[in-house]
Amino acid sequence: WAMLARMECLPELVETPRLTLRLWTTRDAPALHAAVVTSVEHLRPWIPWIDDEPLSIADREALITEWRHGWLDGGDAVYGVFARDDSDDGGAGEVVGGTGFHRRIGAGGLEIGYWIHVDHVGQGYATELSLALTSAGLALPGIHRIEIHHDQANIISGRVPKRLGYTFVGATDREPLAPAETGVNWTWRMTATDWARRAATG
């Protein structure tokens, strides 16, 4: 029987100077719940899945389990973003937001998505986590490009790839998925070659 090669799992853990990015576990469900509920109105303009909120704790545990199964099957990696707390055994404290690698842009590429808890915006966390994920993603076998997508009206989100030196590669029309979206999707890209050049030049 011919069998398709299983894709390698994406990283389970990525760390930055201030943050721990790791796969959510069912133990995190109450903390994730609190972070999302507190941030609902902050996220609503740009995040389509907010329409499904508030989920119950049980539903959130089931969703986390689904995410982990997908990851084990070589799919997306959905991370919690936690403040570093090196005195804690898990090396993670308060929930700062969520992020992840998505395989939806095709072979050889990963897309980074992110959201930040309303109490932690404006502190550079989205840029910090995207820097770490870009480096981690482009170090993986077979990955040669990382992308960040956002609606053209989401100027704050768009500052992240620009700060990191991503190249703007174009705009495409799509149906708006959240209340504030215009339906014009902007794509930014970092290639492995450009990332290596950036590292070499400091």
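This is a short tour of the sheet and some of the helices in a predicted model.

**Stop 1: the sheet.** Select the eight strands that form an open sheet. Their order is S1-S2-S3-S4-S5-S6-S8-S7, and the pairing is mixed. Now colour the edges: strand S1 (13-15) and strand S7 (167-173). Each has a single partner strand, so one side of each is left without a neighbour in the sheet. Look along the sheet for its twist, which averages 25° from one strand to the next.

**Stop 2: one strand pair.** Select residues 95-102 for strand S4 and residues 109-116 for strand S5. The two pair in the antiparallel sense, over six bridges. Pick His102, then find its bridge partner in S5, Glu111.

**Stop 3: a helix over that pair.** Keep S4 and S5 on screen and add H1, which lies across both. H1 runs at about 85° to S5.

**Stop 4: two helices.** Show helix H1 (residues 29-43) with helix H2 (residues 57-72). Their axes come within 9 Å and cross at roughly 110°. That angle falls in the range of 65 to 115 degrees, so H1 and H2 are roughly perpendicular to each other.

Which residues make the contact? On H1, select Ala29, Pro30, Leu32, His33 and Val36. On H2, select Ile57, Arg60, Glu61, Ile64 and Trp67. Colour the contact by class: seven residues are nonpolar, one is polar and two are charged.

**Stop 5: back to the S7 edge.** Select helix H5 (residues 192-201) together with S7 and strand S8 (184-191). H5 lies across both strands and runs at about 60° to S8.

Definitions and conventions. Residues numbered from 1 in each chain as written. Predicted model: local features only at pLDDT ≥ 70, side-chain atom pairs only at ≥ 80, totals over all residues. Heavy atoms only, no water. Axes fitted to C-alpha atoms, helices over the stretch in contact; angles between N-to-C directions. Helix = DSSP H or I, 4+ residues; strand = E, 2+ residues; numbered from the N terminus. Parallel < 35°, antiparallel > 145°, perpendicular 65-115°, else oblique. Contact = heavy atoms within 4.5 Å. Nonpolar A, V, L, I, M, F, W, Y, C, P; charged D, E, K, R; others polar. Pairing = 2+ DSSP bridges.
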